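Here are my notes on this one, in numbered points. Have the model open while you read.

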Amino acid sequence: MTTATLAVPYSKIPKKSVHWLHEGFVPFRHVTLVVAARGTCKGLWTLDYAARMTRHDPMPGEAEPSYDGPMDVIAILPEDDPNEAVAGRLEGAGAVTDRVHNLTVFPNGAPFTVQHDIPAISQSIHEIETDEHGQPRIAADGKPHKVGMAILDPLL
């Protein structure tokens with residue numbers, strides 16, 4: 001009787017090509033951590049990416065966007081006031097704010113917590129992208145809503 005091996009060598013795992021949001025830096029719809037010291041503008045960096053996605057603009061150093069767009073973004077930003085800091089930063093970055101969705105606090109007033117609410121990101125993506133009949137939601141620009149990024153800042 002043979003026993004199955006739990007660990008599989010990578011030589012047996014088929015490779016997939018990476019779809020990039022920002023070539024060589026940020027893979028599309030994958031977890032990406034931005035790690036740096038406090039006060040080094042990580043939040044501004046992510047909101048700049050968000051704004052570019054909502055406009056379907058290229059990422060820094062690129063001539064053309066490497067993603068289909070424009071895209072929607074989910075923002076979970078508990079350290080910043082959505083009416084002041086976040087709104088001002090998104091406006092300053094030129095974001096299409098109809099395509100940026102705040103999931104920091106739920107309608108019942110409960111704050112988003114990583115320990116309990118990760119499934120809410122998936123549910124929000126579904127609600128943003130499809131209507132109650134399962135049809136694609138169309139944005140004011142005539143293009144479908146498609147979530148390309150969720151920002152959790154800070155992750156903790």
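1. Val8 comes out as partly exposed, because its relative accessible area is 49% and the exposed class starts only over 50%. This is a predicted model, so read everything below in that light. Along the chain, Val8 sits in the segment before strand E1 (20-22). Together with Tyr10 and Ile13, Val8 makes a nonpolar patch on the surface, and the three share about 340 Å² of accessible area.

2. On to the pocket. The largest pocket has a volume of about 1,200 Å³. Its lining takes in 38 residues, and those closest to the centre are Thr32, Thr46, Ile151, Leu152 and Asp153. Which elements give two or more residues to that lining? They are strand E2 (26-27), helix H1 (42-55), helix H3 (114-129) and strand E5 (147-152). Sorted by class, the lining of the largest pocket has 24 nonpolar residues, plus 7 polar and 7 charged ones.

3. Salt bridges next: the count comes to 4. One of them pairs the side chains of Arg52 and Asp48, at 2.8 Å from N to O. Both residues belong to helix H1 and are 4 residues apart, about one turn of the helix. Asp48 is partly exposed, at 24% relative accessibility.

4. Another salt bridge joins the side chains of Asp57 and Arg55, with 2.6 Å from N to O. Is each partner buried, partly exposed or exposed? Asp57 is partly exposed, with a relative accessible area of 26%, and Arg55 also falls in the partly exposed class, at 30%.

5. The pair I'd look at for longer is Arg99 with Asp141, a salt bridge whose closest N and O atoms are 3.1 Å apart. Arg99 lies in the loop between helix H2 (82-92) and strand E4 (100-102), while Asp141 lies in the loop between H3 and E5, so this contact ties together parts that are 42 residues apart in sequence. How do the two partners stand in terms of burial? Arg99 is buried, at a relative accessible area of just 1%, whereas Asp141 counts as partly exposed at 43%. There is also a network here: salt bridges with shared partners join Asp72, Arg99 and Asp141.

6. Some backbone details to check by eye. Where is the cis peptide bond? It joins Gly69 and Pro70, with omega at about 0°. Pro70 is in the loop between H1 and strand E3 (72-76).

7. Cys41 is not a glycine, yet has a positive phi of about 70°. Its place is the loop between E2 and H1. Cys41 counts as partly exposed because its relative accessible area, 46%, is short of the exposed class, which begins over 50%.

8. His56, likewise not a glycine, has a positive phi of about 60°. His56 lies in the loop between H1 and E3, the loop that also holds Pro70. At 28% relative accessibility, His56 is partly exposed; the buried class would need a value under 20%.

Terms used: Residues numbered from 1 in each chain as written. Predicted model: local features only at pLDDT ≥ 70, side-chain atom pairs only at ≥ 80, totals over all residues. Heavy atoms only, no water. 1 Å grid on protein atoms, 1.4 Å probe; cavity = no way out; pocket = protein on both sides within 12 Å on 5 of 7 lines; lining within 4 Å. Points joined across faces, edges and corners; volume = space filled by probe spheres on them. Nonpolar A, V, L, I, M, F, W, Y, C, P; charged D, E, K, R; others polar. Patch = residues over 30% accessible without salt bridge, like charges linked within 9 Å, V, L, I, M, F, W, Y side chains within 5 Å. Areas by Shrake-Rupley, 256 points an atom, 1.4 Å probe, with all protein chains shown as cover. Buried < 20%, exposed > 50% of the residue type's maximum accessible area, 1.4 Å probe, protein only.
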